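Colleague: I should like to go through this chain with you, taking its strands and helices in turn. May we begin once it is displayed?

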Amino acid sequence: MSTEAPKTAKRDFLRSLEGKARSLWDESKAFETNAPTIEEHQNADDLHTTYPKFMATMPYPYMNGRLHLGHGFTFSKVDFAVSYERMKGKRALLPQGFHCTGMPIKACADKLTREIELFGQNFERYEEMALANQLEEKTMVSKKSKIAAKTGNVTYQFQIMLSLGIPREEIHKFSNPYYWTEFFPPQTIKDLNAFGAKVDWRRSFITTDANPYYDSFVRWHMNSMRAMNKIKFGERYTIYSPVDQQPCLDHDRSSGEALNPQEYTALKMKVLQWSDNAKEALASAADALKDKDVYLVAATLRPETMYGQTNCFVGTDITYGIYQVNDKEAFLVTERAARNMAFQKIFDKEGVLRKLADIPGEAVVGTQIKAPLSTLPHVYVLPMDNVLPTKGTGVVTSVPSDSPDDYATLQDLKKKPAYYKVLPEWVAVEPIPVLETPTYGNMIAPKLCEMKKINSQKDRVQLAEAKEIAYKEGFYQGVMAVGEYKGMKVQDAKTKIRDALIAKKDAFVYNEPEGLIISRSGDECVVALMDQWYLDYGEEEWRKQTEQCLTNMQTFTIETRHQFEQTLGWLNQWACARSFGLGTKLPWDTQFLVESLSDSTIYMAYYTVAHLLHQGSLNGQAVGPAGIRADQMTDAVWDYVYKRGAYPADEKDVPPQASLDRLRREFEYFYPLDVRCSGKDLIPNHLTFFLYNHTAMFPEDLWPRGVRSNGHLMLDSKKMSKSTGNFMTLADAIEKYGADATRFSLADAGDSGEDANFEDATANAAILRLFTLHEWIVEQVKALPTLRTGEFNYFDRVFENEMNSNIIAAERAFAMTHYREAVKFGVFEFQTARDAYQLTCATIGMHKDLVERYIVNQTLLLGPICPHWAENVWQEILHKDGLIVDAKFPEPTAPVDEQLMATSTYIRRTIKSIRDAETASLKKKKKPKADDVVYNPNAPKSLTIYVATKFPEWQEQCIEALRTNYDAATGKFDDVKVRQDLAAKGILKNKKVMPFVQEQKKMVEKSGVEGFDRALAFDEAATLLLAVDEIKRNLGFNNVTILKSEDWTEDDAKKAELSVPGQPSYNFKNE
């Protein structure tokens, strides 16, 4: 009984090649890349020209779990780049470190500590408590027990660890945060090796003070930045976690990365008289509010418009609080706003919320308040739809002359006072002119509402459009129409008016997060005003330097450059210290740690020397080949290594200069960094910090040369998400598809800054393609002795030419890091050319030299993408010397023969055209007459091809008219004169003329004056004669006759009426 092969047999075969290739690479230390020693080449000036180099990196992944396929996507870009540059003869270096700094690991470890206390060391009490919860729920449907509160609907950290494949009895070890730094880096190395990574692992390391060498490097970096006055100390606004009691920067967040503080002017509007409903709602809080002035506080971005306040708005569905500011004042705002204010030195007790009363928004309506700067003695609080409790203070100022939203709402209230529960006298106000604009006068909001036909505050789309127009027109074009600064440009007056309001204590500066930010500890972050150490990003001279770095740098896409430019436009001071988590202590203030985005900006320079300091020891506990201890790496020593200072001969226990020169040589050889590949989401923080810090620490010739950013990776056109189950680790993908099919699919997933797409179908197709290609190569290598030799025929030359063209196109794509294009030309088009060649040689056989050349070139072109497969073919089938990863990129045997390319394209196009014409002729046949000869395509048949050797006279006249009236300098036609010339020639009545003229104009506009030249670059009839056998084979004709126009009979001329050079006509008949 035969055994059926498993459905995964092809994948399993490809996977069987992976270990063999990895063993070859490891045994030969293929990816351990060193700089030329000083003994080899003393002069550093021509080091790079004598020994070309390439260094590429991706941001080191965070060590709180296994790599997912998105990591693999970004890593593939840098791995492909290094593979290609190796093939171009460069010493190409790909190092990889592991990030452990910051909050995430510490937060997870602390969660485990709490869970161990709750459930036991191996969480053995969890099931017991969960079962108790289920039993309790059956008997107490309406109440939730304490146990339920602890175990119901919660994903615990230990459960997350189980999902990562960690045995339950091992999980308790992760309550020690440093255990994470020992466990996950080796897992990452294993996964990347399985992927086929070309990493020099000698240079790997973990961050934090767990590695004394890297710890020393970060301290040197921080000290250097402080010495240059790039790090400063002072009071500033920052995102803050009240639970952690420290700043919460991007990598400390579980959501809300790249969000920053948003500054407002908070306007204090004193309550003059509460509405009746408010008095009733606040009756129980009378004592608490006694002797206190209560202010409704509105957060505005437009303080210059406050002269035009006619009222203020609240949300009727929002419950507000009245919070004590000090002994004399209280603010009516949302709890979210009060929570932010509590950390901004606005309240007299920092970090403390003292709520005096709750009051629903609908009860506040009708309250009389004093609006600072308003020309009215008092205004009323009114209701407004869509007031958000998650933005600003929940209280909204109303300037209906300037704000379309305010104007539309006020008109609604005037139309339907009873419906909105307001008294007519509360809304008996008209818009007050504030700004004068060139386009809309001094009533910009009413004008825009009229123009856009906005009838209600519910017209949200039109209002959003009007709001944007009003802001841009008012701010950039407007001048003040009232007040102390009347006649001044709004842009100039805004700050002055804000400062005046603050000076009079009618307003204050208020900040809040731009959106919802949740810390790793699970709390909602606020903005705090606090003393802290910060990097002075945005400082004018430093920013100009960094902009120059960007100007000189390759970004591969214009979108990446624009994103950098935008970030440089807004990025400013960044807190560089925290008090909780893992990391390096701030050298001059050891109560703080260096935050995780600040110890990660120039570590690419550390890669250059790490192998000499602690080769292969991730935590730096072993001394490396240079024989230098971590405590010997002082600031002065680092300065010497990185060419920032002289050899510190006067220091105690300084390493020998010769040892430091070895480190220095590695740095000066591999720097500057050639390309950094990363997700585009890191441009607003890490990647821009990377540029800033390099410009501060190193001279211009050592600034980064390139950054390549990519989008996120989707799975089968859906966002990758653990919660939806549409998620895959790198290890999962390798297990499912094999390393090479995974790499192939990642290369084909996309190259732009848009989100890429990893498709299951593409990966499975890659398995089939690689397996089938492998079988074909084995078969052809065996058959080589029997293949045709001797002089190349026409189709041999076509195939060779197409291989050359695709090699050139693939190399261009590799050089530009366009890997989908590299796969297109280096695999898909390459194999299409082979398949076409194989078919044309069906009777005489393929040429031995070309088959050999194809196999070698295809193997080399696949080498960067599918290295395990390529290494197997190289070693086991072709028996080549050396490794494929050390082989040179394939070279074309000759420049591309454009004429030969044109003839082969013409032949393929003509065969398709004949097939289409034959099909069309059958469809056009009406019911035949008795004496008609019916053409049967399935019977023996012959073909006549009518080749025109010149264009029709009317077409030549059109071309002449166009050529005469074309201005090459501007690329424009004088259409009036063209028509006049055509009319003079008497051909305008021909219905074919104008469509032909329009088509020719498009060709000239696309190609320039060359578009006028329609002569073929080859002999059309001679080319068709070469293709006769191919036409017969493809289309089944017994005989093919080619007739040039000079050989046509009168009957032929009728049949060939539509023939023009390059587009012959055809006649079909049965024999």
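Colleague: Which residue in S19 stands opposite Phe233?

Modeller: This is a predicted model, in which local features need pLDDT of at least 70, side-chain atom pairs count only at pLDDT 80 or more, and totals for chains, interfaces and linings use all residues. Residues are numbered from 1 along each chain as its sequence is written, and side-chain values use heavy atoms, with hydrogens and water left out. Strand S3 (residues 231-241) pairs with strand S19 (residues 526-535) in the antiparallel sense over 10 bridges; strands are DSSP runs (E, at least two residues) and helices likewise (H or I, at least four), numbered from the N terminus, and pairing requires at least two DSSP bridges. Opposite Phe233 in S19 stands Trp533.

Colleague: Which residue in the turn of the hairpin formed by S3 and S4 has a positive phi?

Modeller: S3 also pairs with strand S4 (residues 246-247), in the antiparallel sense and over 2 bridges. Within this pairing, Tyr240 has Pro247 of S4 as its bridge partner. The hairpin has 4 residues between its strands, and the one in the turn with a positive phi, of about 55 degrees, is Gln245.

Colleague: Why is one side of S2 and of S24 left without a neighbour in the sheet?

Modeller: The open sheet has 4 strands with parallel pairing, in the order S2-S1-S23-S24. Strand S2 (91-93) and strand S24 (707-710) stand at the edges, so one side of each lacks a neighbour in the sheet, each having a single partner strand.

Colleague: Which residue in S23 stands opposite Thr57?

Modeller: Strand S1 (residues 53-57) and strand S23 (residues 675-679) run parallel and are joined by 2 bridges. In S23, the residue opposite Thr57 is Arg676.

Colleague: Are H30 and H31 roughly parallel or roughly antiparallel to each other?

Modeller: Helix H30 (residues 848-862) packs with helix H31 (residues 867-877) at an angle of about 150 degrees, their axes being 8 Å apart. Axes are lines fitted to C-alpha atoms, for helices over the stretch in contact (heavy atoms within 4.5 Å), and angles run from 0 to 180 degrees between N-to-C directions. Angles under 35 degrees count as roughly parallel, over 145 as roughly antiparallel, 65 to 115 as roughly perpendicular and the rest as oblique. H30 and H31 are therefore roughly antiparallel.

Colleague: Which residues of H31 make the contact with H30?

Modeller: On the H30 side, the contact is made by Val856, Thr859, Leu860 and Leu862. From H31 come Pro867, Trp869, Ala870, Val873 and Trp874.
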